[in-house]
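This report examines a single protein chain, with attention to its nonpolar interior, its pockets and a few individual residues. The sequence and the coordinates are shown below for reference.

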Amino acid sequence: MHANAAQIKRWDDNISGMIETSHQRSLSYGLCPGARPDFSPLARNDLNLLIERNRLLHLHAVPAMETLYQQIVNTHNMVILTDATGVIVHSLGDDDFLEKANKVALQPGVAWSEESRGTNAIGTAIAEKAPALVHADQHYLAANHFLTCSAAPITDHQ
């Protein structure tokens, strides 16, 4: 089934509106688009506590993440699980992309909420309580313009 032009325009308008609203929130948090974000992950003990607090989510999500990763292996991508606040709990990805991802702290123990990273798929999906797609310069921080990301909130066991 193919989307017609009106459906595509509605989808584009929804994404554009979501990005614009997110950029306004990012600005209100006092973030500067050219700023270098804090890349410090949680200390190992704090990360272990985070994983323990999210044990059931982690337990059920990791097998699904592994299945998804097998579908995208060798495509220079990664799969990420965060807690409800956007702190990365677990990630899987191609080694070459993980090196790039580590340059912007896409790694366990780092917060990706809009408050800490501005417009990004993880933080925007959490803020909007809806799936989000953020491409290149739609990211609020210039440091993240090389990324294209999508995210969807997990709201229950289904």
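## Loop residues with positive phi

Asn74 is located in the loop that runs between H3 and E1. The model is a predicted one. Although Asn74 is not a glycine, its phi is positive, at about 65°. Asn74 is exposed, because its relative accessible area of 65% is over the 50% cut-off.

Lys129 is placed in the loop between H6 and E3. Its backbone also deserves mention: the phi of Lys129 is near 55°, a positive value for a residue other than glycine. At 70% relative accessibility, Lys129 counts as exposed.

The accessibility of these two loop residues is set out below together with that of two residues discussed later.

| Residue | Relative accessible area | Class |
|---|---|---|
| Asn74 | 65% | exposed |
| Lys129 | 70% | exposed |
| Ile80 | 27% | partly exposed |
| Ser22 | 0% | buried |

## The nonpolar cores

The largest nonpolar core holds 20 residues, and Leu106, Trp112 and Leu147 are the ones that touch the most other members. Two or more residues of this core come from each of helix H1 (5-28), helix H4 (95-103), helix H6 (121-128), strand E3 (132-135) and strand E4 (148-151). H6 provides the largest share, with 3 residues.

Which residues does Leu147 contact once its neighbours within four places in sequence are left aside? The partners are Phe97, Val104, Leu106, Trp112, Val134, His135, Ala136 and His139. Leu106 and Trp112 thus appear both in this contact list and among the residues that touch the most other core members.

A second core, separate from the largest one, has 6 residues, among them Ala61, Met65, Val79 and Leu81.

Turning to the aromatic rings, the count of aromatic pairs comes to 0. The ring of Trp112 does, however, have a charged group over it: the charged end of Arg117 sits there, 5.1 Å from the ring centre.

## The largest pocket

The volume of the largest pocket is about 1000 Å³. Its lining is made up of 36 residues, and those nearest the pocket centre are Ile80, Ile122, Ser150, Ala151 and Ala152. Helix H3 (55-72), strand E1 (78-82), H6 and E4 each contribute at least two residues to the lining. H3 gives the most, with 6 residues.

Ile80 belongs to strand E1. With a relative accessible area of 27%, Ile80 is partly exposed. Leaving aside neighbours within four places in sequence, Ile80 is in contact with Met65, Ile88, His90, Ser91, Leu106 and Ile122. One of these partners, Ile122, lies 42 residues away from Ile80 along the chain, and the C-alpha atoms of the two are separated by 9.1 Å. The contacts of Ile80 also include Met65, a member of the second core, and Leu106, a member of the largest core.

## A buried serine in helix H1

Is Ser22 buried or exposed? Ser22, which lies in helix H1, counts as buried because its relative accessibility is 0%, under the 20% cut-off. When neighbours within four places in sequence are set aside, the contacts of Ser22 are Glu114, Thr119 and Thr124.

Conventions:
Residues numbered from 1 in each chain as written. Predicted model: local features only at pLDDT ≥ 70, side-chain atom pairs only at ≥ 80, totals over all residues. Heavy atoms only, no water. Core = buried A, V, L, I, M, F, W, Y, C linked by side-chain atoms within 4.5 Å. Buried < 20%, exposed > 50% of the residue type's maximum accessible area, 1.4 Å probe, protein only. Helix = DSSP H or I, 4+ residues; strand = E, 2+ residues; numbered from the N terminus. Contact = heavy atoms within 4.5 Å. Phe/Tyr/Trp six-rings, centres within 6.5 Å; stacked < 30°, edge-to-face > 60°. Lys NZ or Arg CZ within 6 Å of the ring centre and 35° of its normal. 1 Å grid on protein atoms, 1.4 Å probe; cavity = no way out; pocket = protein on both sides within 12 Å on 5 of 7 lines; lining within 4 Å. Points joined across faces, edges and corners; volume = space filled by probe spheres on them.
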